[in-house]
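Biologist: I should like to understand the reasoning behind the terms used for this fold. Please show me the model, and let us proceed term by term.

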Amino acid sequence: MDLRTRLTRVALAQPAVLLVTSPGATRERLAVEAELERRDWPQAAGPASADLVVFAGTPLPVREDDWAERVWQGVPAPRARVTVTDAVHAAHALDHGHATLLKPGTQHAGHQGHMNHQGHGADHEHESGHGEHGGAHEEHGGHEEQADHGGHEGHGGHEGHRPNGEHAAHQGHGHMDHGGMDHGAMGHGGHQHHMGAVAGLPMAERAADRDELRLDRLHVPLGPALPDWPAGLVLRLELQGDVVQRAEVDPVPTPSASGPAFWNEPWLRAMTGEPVTVGEAARRQCAAHLDSLGRLLGVAGWIDAAGRARDARDSLLGGAGRDELVPRIRPLVRRLRRSWTLRWLLAGVGAQARGPVGGDVHSRLIAWLDAIEHALDAIDGRERLPARPLRGPRGRVDTETPPSQSLLDALPELLEGAEFACARLIVASLDPDLDELAPQQLPVGRNHG
Amino acid sequence: MLVLAAWATATVDARSTGPGREVLRLLVQQRRITRAADIPLVRLGTTLLPVAAVLAAAVLPFGFRSVSDLPDGVVWFNAMEALAWAAVWLTGWAPNSTLSLIGGYRFLAQGLAYELPHMLAITTAALGAESLQVGAVVDAQSGLWFAVWMPVAFGIYLLSALAMAFWGPFDQPAGADVAGGAAGELSGVDRLVFLGGRWLLLVVAAAFAVPLFLGGGHGPLLPGWAWTVLKTAAVLGFLLWARRRVPTVRMERYVELAWVVLTPLAVAQALVVAVVVLAR
């Protein structure tokens with residue numbers, strides 16, 4: 001083992017993981033998150049700081065735009081990626097990704113660990129070496145292929161790391177341009193207000209802002225690969241500076257649901273007549289709200305509290321007893337309720353008087369806290385869940401439209417005029433669960449979980 | 001010395017990976033940036049941050065000796081620390097990426113919010129010593145620490161120390177909600193230099209609280225340098241603790257607090273100090 005290999009081994013002992021979740025893959029996401037927590041591997045906020053990309057669920061293209069490929073393009077070498085399509089294989093997939101990452105070839109021959117984790121089969125594919133990753137490979141019009149593997153102008157040493165590493169507009173990092181407009185269905189020329197292009201990227205257009213000043217208006221797709229973001233959600237934003245002028249929810253690609261929507265599972269099972277206890281439902285509900293809470297706190301930048309919420313969620317789903325859970329959850333809930341900084345920062349953001357999402361970000365958070373405490377009390381309930389009404393974490397499960405649909409419908413109006421950070425908070429405070437939108441909602445027999 | 005302090009703080013703060021491992025990780029990582037990025041600006045912005053921190057540290061007394069005890073050292077410190085504005089803005093702007101740009105914007109807004117009360121706070125300390133020389137400020141505290149009789153200025157200084165290093169509750173310019181913000185598109189050495197520079201800046205800002213408000217090297221029994229180290233460690237420890245207690249402060253809220261509450265408070269504090277100085 002030469003020095004270089006040994007250094008890499010030490011450096012990447014705990015690789016930074018970019019976890020990208022597809023709709024319908026909540027189980028897989030939770031399994032990966034729990035595993036990362038157990039291993040103490042940090043999570044990366046974006047591709048540039050990641051070593052290992054973990055796709056929970058097979059990423060589906062949005063409007064023919066293969067965003068997953070672009071996320072991958074943005075990751076600096078040495079890098080590896082794995083796809084987890086079954087929660088039980090999470091640990092194995094991470095091991096495999098880590099091994100690929102440490103393979104001496106990874107950083108130099110540009111080995112790309114790419115495997116589909118269905119339990120077997122890992123197809124390694126070569127990729128261009130030395131950071132060129134296809135060199136001048138044009139982003140425009142999507143990428144058809146990685147054809148120009150030859151794009152590496154050789155081993156020009158580290159000069160080879162030319163900065164034009166074409167990772168144009170990885171999701172959420174829409175560039176100063178028509179952001180995502182340069183890919184997918186709305187690509188090139190499809191848009192009328194082009195103002196010319198620089199380096200193959202379209203320029204921003206202009207429009208009047210709220211004070212009637214003509215300012216640059218950027219079209220930026222937000223999602224699906226952002227930290228603490230609802231899986232599969234894509235928002236098309238028009239940004240002026242960091243103010244959202246207009247927001248539109250992209251239609252969700254049909255998730256490849258491996259089972260019923262995870263957070264609604266107990267109620268869906270009860271619907272088919274299976275015996276489900278009140279305690280089981282309460283446990284799932286409590287965990288669902290803690291999951292939402294963890295994300296909202298993550299977006300609000302309270303890393304410590306977010307971590308506690310996630311730990312509590314994992315031990316709930318791991319089946320911990322009430323005696324163990326109460327001392328973990330109660331102090332957290334009390335602390336959040338009392339925090340005046342949290343109130344100062346969240347109150348008044350995303351306020352709406354009526355409707356399914358009445359109140360503001362802070363009052364929605366308090367509603368979650370109430371529900372968490374309420375569910376925690378019922379966690380040992382042995383009686384059978386009544387057949388009606390079936391109220392899941394986000395609303396009634398037994399109605400025609402899933403509750404998350406009304407959350408999504410409320411989004412554009414709430415986001416209009418919000419500053420970027422507030423927009424993130426608003427999305428996190430609604431936390432729509434796109435798994436609910438899957439056409440097949442009812443469980444088919446017993447699934448894992 | 002500074003680097004050691006930054007290192008030690010990072011070790012205490014590191015949640016999982018130690019800083020040594022993190023540095024190695026970034027060193028083996030490829031340096032890569034977005035398409036159509038302005039490379040010279042990225043390099044300039046990232047390197048400017050540690051450079052600003054080190055230059056600001058030139059007037060920082062270790063015990064009672066500093067690299068250079070300029071006659072207007074307090075102004076020098078503030079000027080160097082303001083270089084960080086340019087550094088973060090350039091780093092956010094250069095990669096040609098929206099989220100990174102938003103990070104850059106945020107730091108400018110942050111600068112506008114924290115700088116006014118911050119300048120009044122350090123001016124108050126200089127006023128108390130009747131000198132802009134850092135050595136003179138320390139000498140003026142051989143009896144009573146400034147932190148004791150100008151607590152408001154001290155509190156405001158601690159807040160702005162966090163804000164200028166855009167760290168902890170003021171980490172919005174590099175926040176997770178914008179996928180790393182200004183630092184979001186940096187990898188490899190660029191990232192190392194930029195984030196390392198941020199740690200240095202935090203340590204320097206915390207360490208400067210010691211000569212300004214905590215009596216510098218003054219203290220019983222121990223030599224001056226030991227007191228400097230102890231006090232700096234205490235300030236840093238407090239800042240690390242504070243971060244666990246609060247969420248990220250958004251500038252749109254903080255700017256209101258800074259201008260409506262903190263600035264008048266700082267002015268009032270300066271007034272009280274001025275009256276005391278005149279009367280003595």
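Modeller: In this predicted model, 68% of the contacts in chain A between residues at least 6 apart in sequence join residues at least 24 apart. Chain A has 13 helices and 13 strands.

Biologist: What share of the 449 residues in chain A is buried?

Modeller: Buried residues make up 59% of them, where buried means under 20% relative accessible area. Chain A exposes about 17,500 Å², and carbon and sulfur atoms supply 52% of that area.

Biologist: Why is helix 11 of chain A called roughly parallel to helix 13 of chain A?

Modeller: Helix 11 (residues 361–377) of chain A and helix 13 (residues 420–430) of chain A pack at an angle of about 30°, with their axes 10 Å apart. Angles under 35 degrees count as roughly parallel, and therefore helix 11 of chain A is roughly parallel to helix 13 of chain A. Their crossing is left-handed.

Biologist: Which residues of helix 11 of chain A make the contact with helix 13 of chain A?

Modeller: They are A:Val361, A:Arg364 and A:Trp368; helix 13 of chain A contributes residues including A:Leu425 and A:Ile426. The residues of this contact divide into six nonpolar, one polar and one charged.

Biologist: What makes helix 7 of chain A oblique to helix 9 of chain A?

Modeller: Helix 7 (residues 278–300) of chain A and helix 9 (residues 322–338) of chain A pack at an angle of about 45°, with their axes 13 Å apart. That angle is neither under 35 degrees, nor over 145, nor within 65 to 115, so helix 7 of chain A is oblique to helix 9 of chain A. Among the residues that meet are A:Arg283 and A:Cys286 in helix 7 of chain A and A:Leu325 and A:Ile329 in helix 9 of chain A. The contact comprises eight nonpolar residues, no polar and one charged.

Notes. Residues are numbered from 1 along each chain as its sequence is written. Chains are lettered from A and ligands numbered from 1 in the order in which they are written. This is a predicted model: local features need pLDDT of at least 70, side-chain atom pairs count only at pLDDT 80 or more; totals for chains, interfaces and linings use all residues. Side-chain values use heavy atoms; hydrogens and water are left out. Axes are lines fitted to C-alpha atoms, for helices over the stretch in contact, and angles run from 0 to 180 degrees between N-to-C directions. Helices (H or I, at least four residues) and strands (E, at least two) are DSSP runs, numbered from the N terminus. A crossing is left-handed if the near helix is turned anticlockwise from the far one by less than a right angle, and right-handed if clockwise. Contact means heavy atoms within 4.5 Å. Ala, Val, Leu, Ile, Met, Phe, Trp, Tyr, Cys and Pro count as nonpolar, Asp, Glu, Lys and Arg as charged, and the others, Gly among them, as polar. Buried means under 20% relative accessible area, exposed over 50%, partly exposed in between (1.4 Å probe, protein chains only). Accessible areas come from the Shrake-Rupley method with a 1.4 Å probe; for residues, only the protein chains shown count as cover.
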